[in-house]
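Biologist: Could you take me through one part of this model closely, the way two helices pack in one chain, and then connect it to what surrounds it? I would be glad to have the cut-offs along the way.

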Amino acid sequence: MIKAVMVMNTQGKTRLAKFYEYLPVEKQQELIRGVFAVLCSRAENVSNFIDAESIFGPDSRLVYKHFATLYFVFVFDSSENELAVLDLIQVFVETLDRCFKNVCELDVVFNYSKVHTILDEMIFGGQVVETSSSEIMKAVEEISKLEAASNAITLIPKSASGWRSR
Amino acid sequence: MHGMRGLSVFISDIRNCQNKEQERLRIDKELGNVRNRFKNEKGLTPYEKKKYVWKMLYIFMLGYDVDFGHMEAVSLISAPKYPEKQVGYIVTSCLLNENHDFLRLAINTVRNDIIGRNETFQCLALTMVGNIGGREFAESLAPDVQKLLLSSSCRPLVRKKAALCLLRLYRKNPDVVNVDGWADRMAQLLDERDLGVLTSSMSLLVALVSNNHEAYWSCLPKCVKILDRLARNQDVPQEYTYYGIPSPWLQVKTMRALQYFPTIEDPYTRRTLFEVLQRILMGTDVVKNVNKNNASHAVLFEALALVMHLDAEKEMMSQCVALLGKFIAVREPNIRYLGLENMTRMLMVTDVQDIIKRHQAQIITSLKDPDVSIRRRALDLLYGMCDVTNAKDIVEELLQYLSSADFTMREELSLKAAILAEKFAPDLSWYVDVILQLIDKAGDFISDDIWFRVVQFVTNNDDLQPYAAAKVKEYIDKPAVHETMVKVSAYILGEYSHLLARRPGCSPKEIFSILHEKLPTVSTTTIPILLSAYAKILMHTQPPDQELQSQIWAIFNKYESCIDAEIQQRAVEYLALCQKGAALTDILAEMPKFPERKSSLIKRAEYSEADTAEQSAIKLRAQQQTSNALVVTDQIPANGATSPVSVGQLSLVKVPSLVTTENDTSTDRALSQQNGASSKVDPQPPSADLLSDILGPLAIEGPPGATVQSEHNAVSGLEGDSDAVDGSAIVVVEEQTNTVQPIGNIDERFRALCLKDSGVLYEDPYIQIGIKAEWRGHHGRLVLFLGNKNTAPLISVQAIILPPAQLKVELSLVPDTIPPRAQVQCPLEVVNLRPSRDVAVLDFSYKFGTNMVNVKLRLPAVLNKFLQPIQVSAEEFFPQWRSLSGPPLKLQEVVRGVRPMPLPEMANLLSSFHIMICPGLDPNPNNLVASTTFYSESTRAMLCLVRIETDPADRTQLRMTLSSGDPTLTFELKEFIKEQLISIPTAPRSPAPSAAPPTAQPSPQIPPNDPAAILAGLLS
């Protein structure tokens, strides 16, 4: 299972943090700092894996990917395949890119709620629910439409059949 | 969502804060604002509520506690409109944990949303429940979630979330969520075409099979089918193709699920799977595109893990090792990393260690990789692959690397080097060299146990003493040495420097002054050791040296008033003792040998290994297979002569054993039983803390006489064959025979081995007997793997085969002793002379300490091993069937009391015995026609035909017709199949229970209306 997803910038500022097992906020911050301390000391062109057990305890692995000013970090246990999780990071970033057209750190900062929505359509309670970037986008767009509609007329359709078509 | 201006402004404000203090002020202000607004909730529009909630979540992410608004959040869930409801669900799942009281308030609403018809609401509710997964949710919602998952009217979007929601509830509360009877539904879910739903369902399956694979056998072929479909890229929509690869994620998950099944018995499924795996192994290349590379290798590494799990043929295994060997040398760091990691896992598979050793040079190169993650994996692998044959090379590499290794790795590195040096030292002087180098290069990381252990070896080993003394003197001569080096040097020079007295620069005076030079630089814990050394040097100085004496006495004098109690006491006592003259020699005599005890280092290593044992499939399997995975030495021939560096060599230097008994206390107890009288004289428990031996006052208080006894016990116990022990052992043996309990069910192990060719035949706390077999025609070659799980040798090992009349069995020589933690392979040749169901028995015995263990084990050289499936066409079948017209070549019997099973299961059962179903030959769907070839010396290859007619109305009875060209074969095979069909799982070889007709003789009558004959007549 995936234990946590974090996005932080190269200065160590958290841009997104989602823990799939409940942790008090102080503990979350401690873990994020621990991860950043290791990440910021890593060179370019090395592997995408770091030893997670010293930070997250036994049976944990960590895979990260560095894009421009952001680190995308996934923490998970031995029931997941490391490279497959790396693919997942790529899917996440590609989806963000589709959503924001050339995504940059500021998009992630100011569209915090949207990034959340995307992540929720991809990972559900620590398990991967969707790996297809276009399927994730479809779901996110449906939600956006629904929000826009309800904002405009504050009325929601009784059933979702209206957006059933693919 | 784009339009939340308030939120953007707030985020900008935070970004503009110059320091943490400003940020805190801004956030406090915002929290106050949100709190106020929520107080008069009436005036809030849904939009505002949403805005505030996102602000709260943002603040939470920044690391500030948001401890209000929980009630408001939960109550929003029951709002009728989407935006409010959405906000309620999101904030609840982020801020509340599963035990929060407020959640109870929401259960009814959540349930209504789940069972309601609004899919948006369903998704919101499922997401929240899935993220929190509380017990009360599980109790009241699990059945509804199950229904959603199976509902055909739901969109995939909802169903895939339902699958994962159920998984989460099950994981968190396995006692509440009832999954009995889910096997069929799971199998049905695996037929799903939508890859999104299939992905989620596969995760659910992984969770279910990891808990209980037995119930989910029916899912196994479906998983293989899915994998096959993906691997062939059949019917995979574009959106699930990732860089040209059909859903790598689902491929990986499917292979993961397959690793939870212990084996794959159905030959067709197995073949299909191996074809897919073979294609993945061979068809994956390193390409330019990083993402494509990652994805294809994700699949490849999972395939490797699955191959390892399935314990494929040796050929495929070597192929895997070859691939891994290629990976650890590629440019792509991720692949290097995983290559090393998987090689480490591969070590658990028997037979491949030698192939892995060929890559040693490359692995050592990886120890210098720029990436610390890769260096760590390389270290793990080197540690895992080290054995007596390569210990010297590996440990020396580690030592060399130690000086340049980064700080974070040094501790682990030095600990591992110390453990390997101790476990696999080809000779003890080398061991001393290694540890001293370790202390010299990485003194800060050398724990006390490491230097205690050296002292223990040196003390117990007379030959080693002058060498060690000379060696430490070299080190201590250097200007700056680590304090640990001072400690170990002081101890060893104090005890043994007199052995060097004739060498230049080693007079007592010189030794003393070298040591004393260090005194101002050391801490108070080291000074007592130095004082002891001085006292001992003084005692050994013959003839007495007045000048040295006055120097040392002056030092004792000085420390008589030391503030540290330990130093003070030693100074006072040594001074008093020195003045006693001759008595000093007795009291300060050389330390007695230490009782043998398990190395605390190795204990620690084992503990940490057990500690981190993860529940992954590979590990699970490793535990089932080789619990002695710590070390597997090469096969040691019975005469022990050809092995260049055998473990036995160590005993040449009179050290009882490098690694001592696993079970200290039991050995100790056994020893005191043997020497009942002496144990009263010697009340000192041999398990006294090592620390107290060296640092404690034992040096003064322990007159050698008292401890020598216990030392003698330890040594004789370890040698095990000394007369005294043997004499008393005879009595003990009688009492203790078979007190050793086997691990696992011997019957079950045997039955499993009847169906597969490798596995564990027997295991108890001391030994594990594994078996690997190859069958060709009427010949069989079995290898028995006798693995000693302990750190003491197993002795008086004996294996005798009691073959039945039909088998010719030759067992190669079994060594009398199995060295500690070693695995010995004993090949066994089997020739099948004629058909019979009798079973060969292995009479195996060994002695551990005083425990004589004897077990009689059935060998899985059973009838079905000499069968080979053969597909027979209708043209071949019917003439043969007709030509064998009646008894004794063709026998028929109505069997009652059959274990009821569906026809496919029966077909699988037959296939597992290598009896191949020939579909389509019998038009009646309730019948099975099968064929096989039997091999024996008397019959040669002989075709056997089987027909089973079942009654769909009564599955407990069937009619079976067998034919072959040999009457005994026909009879034996019929009885064999019958046993399998009616067998009660616990007693497969016992004669059929009362349900079977007591007449062993086959009924010779073939009724005139034999359907087979009619069928044949119709078709011919």
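Modeller: Happy to! Axes here are lines fitted to C-alpha atoms, for helices over the stretch in contact, and angles run from 0 to 180 degrees between N-to-C directions. Helices (H or I, at least four residues) and strands (E, at least two) are DSSP runs, numbered from the N terminus. This is a predicted model, in which local features need pLDDT of at least 70 and side-chain atom pairs count only at pLDDT 80 or more, while totals for chains, interfaces and linings use all residues. Residues are numbered from 1 along each chain as its sequence is written, chains are lettered from A and ligands numbered from 1 in the order in which they are written, and side-chain values use heavy atoms, with hydrogens and water left out.

Now the pair itself. In chain B, the axes of helix α13 (residues 248-258) and helix α15 (residues 290-310) come within 9 Å and cross at roughly 10 degrees. α13(B) and α15(B) are therefore roughly parallel to each other (angles under 35 degrees count as such, over 145 as roughly antiparallel, 65 to 115 as roughly perpendicular and the rest as oblique). With contact meaning heavy atoms within 4.5 Å, α13(B) brings B:P248, B:Q251, B:V252, B:M255, B:R256 and B:L258, and these meet B:A295, B:A298, B:V299, B:E302, B:A303, B:L306 and B:H309 of α15(B). The residues of this contact divide into nine nonpolar, two polar and two charged; Ala, Val, Leu, Ile, Met, Phe, Trp, Tyr, Cys and Pro count as nonpolar, Asp, Glu, Lys and Arg as charged, and the others, Gly among them, as polar.

Elsewhere in chain B, helix α8 (residues 135-150) and helix α10 (residues 182-189) have axes that come within 11 Å and cross at roughly 35 degrees. Here B:Q146, B:L149 and B:L150 of α8(B) touch B:W182, B:R185 and B:L189 of α10(B). Helix α8 also takes part in a salt bridge (a side-chain nitrogen of Lys or Arg within 4 Å of a carboxyl oxygen of Asp or Glu): B:D175 pairs with B:R135, the closest N and O atoms being 2.7 Å apart. B:D175 lies in the loop between α9 and α10 of chain B and B:R135 in helix α8 of chain B, so the pair ties together parts that are 40 residues apart in sequence.

Chain B also meets chain A, with 79 residues of chain B in contact with 75 residues of chain A. Across that interface the rule finds six salt bridges, and B:R155 and A:E142 meet in a salt bridge through their side chains (3.1 Å, N to O). Helix α9 (residues 156-172) of chain B gives the largest share of the side of chain B that touches chain A, eight residues. That side of chain B divides into 36 nonpolar, 23 polar and 20 charged residues.
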